[in-house]
Amino acid sequence: SIITETLMAPGSFADMYAHMDLLFLSEKIYKPMAFKHPFIVFAQPGILKQLREYGYKTFHPFIDESYDDEKDDIKRFDMVVAEIERLNTFTDDQWIEWQKNIKAIPPILFIVLDGN
């Protein structure tokens, strides 16, 4: 899945949250996770790191997630596109092998927050 999260770069709603130390996660990112579907996300930097801190598994090393560390919005966008293009060049045999490998990723952890 290719996810375009609600907030990706400065401007519009992103500026409203600039003073807060948080990342915005919407249902868009949780839907493929719930169905254990591999994804690449156009989002704010650090979103995958935050998901891992919450206990979720992402698809590294099967998807190059280095874009998540890039602060420059244009570079991050270009890195996401490059990874999509890389995956798009896979042969049928490479896709089969890739799918076998990602099955080893454990099920998603669902975390219940107690409000504290």
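## Exercises on a predicted fold

Read along the sequence, this protein runs β-α-α-β-α-α-α, with helices (H or I, at least four residues) and strands (E, at least two) taken as DSSP runs numbered from the N terminus. The model is predicted, so local features need pLDDT of at least 70 and side-chain atom pairs count only at pLDDT 80 or more, while totals for chains, interfaces and linings use all residues. Residues are numbered from 1 along each chain as its sequence is written, and side-chain values use heavy atoms, leaving out hydrogens and water.

**Exercise 1.** Work out which elements have the lowest and the highest mean pLDDT.

*Solution.*
- Start with the overall picture: pLDDT, the predictor's confidence in each residue from 0 to 100, averages 80 here, and 75% of the residues score at least 70.
- Now go element by element: helix 1 sits lowest with a mean of 54, and helix 4 highest with 94.
- Keep an eye on residues 109-113, where pLDDT is below 50. Beyond near neighbours in sequence, that stretch makes 5 contacts (heavy atoms within 4.5 Å) in the model.

**Exercise 2.** Place Glu-5 in the chain, then decide whether it is buried or exposed.

*Solution.*
- Find the residue: Glu-5 lies in the loop between strand 1 (2-4) and helix 1 (13-16).
- Check its cover: the relative accessible area is 5%, so Glu-5 is buried. The cut-offs are under 20% for buried, over 50% for exposed and partly exposed in between, using a 1.4 Å probe and protein chains only.
- Look at who surrounds it: leaving aside neighbours within four places in sequence, Glu-5 touches residues including Phe-24, Leu-25, Lys-28, Val-41 and Ile-47.
- Phe-42 is also one of its contacts; the pair is 37 residues apart in sequence, yet 6.0 Å apart C-alpha to C-alpha.

**Exercise 3.** Asp-68 is buried: which side chain of opposite charge is nearest, and how far away is it?

*Solution.*
- Locate Asp-68 in the loop between helix 3 (47-53) and helix 4 (73-88).
- Sort the charges: Lys and Arg count as positive, Asp and Glu as negative, with His and the chain ends not counted.
- The nearest opposite charge is Arg-52, 4.2 Å away, and Asp-68 has no salt bridge. That term asks for a side-chain nitrogen of Lys or Arg within 4 Å of a carboxyl oxygen of Asp or Glu.
- Try the backbone instead: the Asp-68 side chain reaches the backbone nitrogen of Leu-48 at 3.0 Å.
- Finish with the surroundings: not counting residues up to four places away, Asp-68 touches Gln-44, Pro-45, Gly-46, Ile-47, Leu-48, Lys-49 and Arg-52.

Terms used
Polar contact = N/O pair within 3.5 Å; in protein donor to acceptor, adjacent residues only side chain to side chain.
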